[in-house]
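Here's a quick briefing to read alongside the model. Have a look at the sequence and the fold before moving on.

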Amino acid sequence: MIEVFAYLYKSARNMALRHKGRKHPCFSFEDMDKEPESETLIEEVIKTKERNRLLHLCMEQLNDEYREALYLVYFEEMSYSQAGQIMGKSIKQITNMVYRGKQSLRGLLEREGITNAE
């Protein structure tokens, strides 16, 4: 139960820190003529949604520990040490799980047709 609270605390803290550091973009009327065509924007939105859908689909197929390690490190932006504390693993174990998880995920994404997975 303590691990859950540690995870929730760290997640909330990281989200707050990310939000605090963001600069609010300024809107300028001068940029109005530089706006891309709406058709191009729609295509990009559709491509992004499809890639996200495939990523989530492939993430669901991963080993549970690999998925959790990748989620904590890449989506929650935790260090390997923080992820290790939450998962009850050493830094070396987290390093191995992230590496193996990325390899597995890359294979799954390539099978789905995404060949430029980094």
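What follows covers the overall fold, the core and an aromatic pair on the surface.

This is a predicted model, where local features need pLDDT of at least 70, side-chain atom pairs count only at pLDDT 80 or more, and totals for chains, interfaces and linings use all residues. Residues are numbered from 1 along each chain as its sequence is written, and side-chain values use heavy atoms, with hydrogens and water left out.

**Overall fold**

- The chain has five helices and zero strands; helices (H or I, at least four residues) and strands (E, at least two) are DSSP runs, numbered from the N terminus.
- Reading from the N terminus, the order is α-α-α-α-α.
- Of the contacts with a separation of 6 or more, 60% join residues 24 or more positions apart; a contact means heavy atoms within 4.5 Å.

**Inside and outside**

- Out of 118 residues, 23% are buried; buried means under 20% relative accessible area, exposed means over 50%, and partly exposed is in between (1.4 Å probe, protein chains only).
- About 9,300 Å² of the chain is exposed, and 55% of that comes from carbon and sulfur atoms; these areas come from the Shrake-Rupley method with a 1.4 Å probe, and for residues only the protein chains shown count as cover.

**The nonpolar core**

- The largest nonpolar core has 20 residues, and I94 and L105 touch the most other members; such a core is a set of buried Ala, Val, Leu, Ile, Met, Phe, Trp, Tyr and Cys residues joined through side-chain atoms within 4.5 Å.
- Two or more residues of this core come from each of α2 (38-61), α3, α4 (80-87) and α5 (91-111).
- With six residues, α5 gives the most to this core.
- Leaving aside residues up to four places away in sequence, I94 touches V73, Y80, A83, G84, M87 and K89.

**The aromatic pair and its patch**

- There's one aromatic pair in the structure: the ring centres of Y71 and F75 are 5.6 Å apart and their planes sit at 25 degrees, so the pair is stacked.
- Rings of Phe, Tyr and Trp (its six-membered ring) pair if their centres lie within 6.5 Å, with planes under 30 degrees apart counted as stacked, over 60 as edge-to-face and the rest as tilted.
- Both Y71 and F75 belong to helix α3, four residues apart, or about one turn of the helix; this helix covers residues 64-75.
- Y71 is partly exposed at 33% relative accessible area, and F75 is partly exposed at 36%.
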